[in-house]
Structure formats: C-alpha cells, structure tokens
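Thank you all for making time this morning. I would like to walk you through one chain, beginning with its charged side chains and then turning to its backbone, so please keep the view open in front of you.

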Amino acid sequence: MGEDEQPKLTKQQEDDARGAFSLFDKKDAGYLPIKDLGQVFRSCAMTVDSEQLSDWLGEMGVEDQCDKNTFVKLYALQKKKDEDEKEIKEAFRVLDKEKTGEIPVAELKWILRALGDDTTDEEIDDIITAIDTDGSGTVDYNEFAKVMNG
C-alpha cells in the first residue's frame, strides 16, 4: 500500500484514534495484540469486518501485534470505508425512488445510457447482468453495493 493511497485524517480524528489505542494499551507497551483491535474500533463507535482487518494487516506486514501508528492507519482505512459506504447508501436511496429497497433494472439501464457516452447496449446489458446477480429484474442494496465497491 503506497503512502499516497493512505486516507488522510483530520488532527481530531488522529487524536481520537491515538487516544482509543492508549486506553487499551494499559501497560503502555506501545502495541496491542491483533485480537484486541476489534474492541478498540468499537470504542471509537466503529465496526471493522475481521476479514477486512486481516487483509489490511497482511498488506502492512503485521502478524501478531499492532503498534499505535499502524492502528492510526487502520483507523483511517476504516473511516474511509465507512464514508464510502455512506455515499453508496445515499446513492441507492436516491435511485430507489419508490422506496421499495430495490432499483428496477430498466431504471439502471436508463442511468447507464445517460452516463456512458460510448457505452453500447451490449455493454450495458453485461453490466446489468453483473449487477442483477439473482436475475430478479431489480437490484437490491447488496447487489448495488457489491458493484459500487468493485
């Protein structure tokens, strides 16, 4: 993970992350066992998916223990993920005009045609097939979020 890929935190957010870490680092050892990180995130009113956390730690080369600076990086990644999810939920809400929890495929096709200048009907159909994984003719939030998250 390159340095330029690291999401940025405000000074307050960084202080919050460092403070939360310190609360759990009762012996002031400068590190915490990986198994305790979930509690630290929860103390920040954040929930991190354990699989996602493992992926991030693996990318950072962290195996058993996490130091404060690494936790701040993890905090920034989770903060970014939470913000992205909020944006996806808002986009879905806007597209779900009938408030049914689903977006009709026809509506998505119309949007894709409007957004994609050079997108062919075949490409749009391929996109819709990838999004509407259960073939229901509608796209629910989980299908939408999966595509939006790449």
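**Charged pairs, a charged patch and two loop residues**

Let me start with Glu107 and Lys97, whose side chains meet in a salt bridge with an N to O distance of 2.8 Å. This pair links distant parts of the chain, since Glu107 sits in helix α5 (residues 105–115) while Lys97 belongs to the loop between α4 (68–95) and β3 (102–104), the two being 10 residues apart. Glu107 is partly exposed, because its relative accessible area is 22%, whereas Lys97 counts as exposed because its relative accessibility is 54%. I should say at once that this is a predicted model, and I ask you to hear everything that follows in that light.

As a general reminder, side chains of opposite charge can pair when their charged atoms come close. Taking a side-chain nitrogen of Lys or Arg within 4 Å of a carboxyl oxygen of Asp or Glu as the rule, the count comes to 9 salt bridges, and I will describe two further examples.

One of them joins Lys11 and Asp15, with 3.0 Å from N to O. Here both partners lie in helix α1 (residues 11–24), and they are 4 residues apart, which is about one turn of the helix. With a relative accessibility of 61%, Lys11 counts as exposed, while Asp15, at 35%, counts as partly exposed.

Another brings Asp121 together with Arg113, the closest N and O atoms being 3.1 Å apart. Asp121 is classed as partly exposed because its relative accessibility is 47%, and Arg113 is likewise partly exposed, with a relative accessible area of 42%.

Let me now turn from pairs to a group of like charges. Which residues gather in a patch of negative charge on the surface? They are Asp117, Asp118, Glu122, Glu123 and Asp126. Two members of this patch deserve a closer description. Glu122 is found in helix α6, which spans residues 121–131, and Glu122 counts as exposed because its relative accessibility reaches 59%. Asp126 also lies in helix α6, but at 49% relative accessibility Asp126 counts as partly exposed, since exposed requires over 50%. To place Asp126 against another part of the chain, consider Pro33: these two residues are 93 apart in sequence, and their C-alpha atoms are 45 Å apart in space.

For the record side, the UniProt annotation "domain: EF-hand", which comes from an unreviewed entry, covers residues 12–47, 83–118 and 119–150. If we look at residues 12–47 in the model, the chain there is 56% helix and 8% strand, with 19 Å between the end C-alpha atoms.

Finally, I would like to point to the backbone at two residues. Where in the chain is Ala45 found? Ala45 is in the loop between α2 (37–43) and α3 (50–60), and its phi is near 60°, a positive value in a residue other than glycine. At 74% relative accessibility, Ala45 counts as exposed. Lys99, placed in the loop between α4 and β3, also has a phi near 60°, again a positive value in a residue other than glycine. Lys99 is exposed as well, with a relative accessible area of 60%.

That is where I will stop, and I am glad to take questions.

Notes. Residues numbered from 1 in each chain as written. Predicted model: local features only at pLDDT ≥ 70, side-chain atom pairs only at ≥ 80, totals over all residues. Heavy atoms only, no water. Patch = residues over 30% accessible without salt bridge, like charges linked within 9 Å, V, L, I, M, F, W, Y side chains within 5 Å. Areas by Shrake-Rupley, 256 points an atom, 1.4 Å probe, with all protein chains shown as cover. Lys, Arg positive; Asp, Glu negative; His and termini not counted. Charge placed at Lys NZ, Arg CZ, Asp CG, Glu CD. Buried < 20%, exposed > 50% of the residue type's maximum accessible area, 1.4 Å probe, protein only. UniProt positions renumbered as here; feature names shortened; annotations may be inferred.
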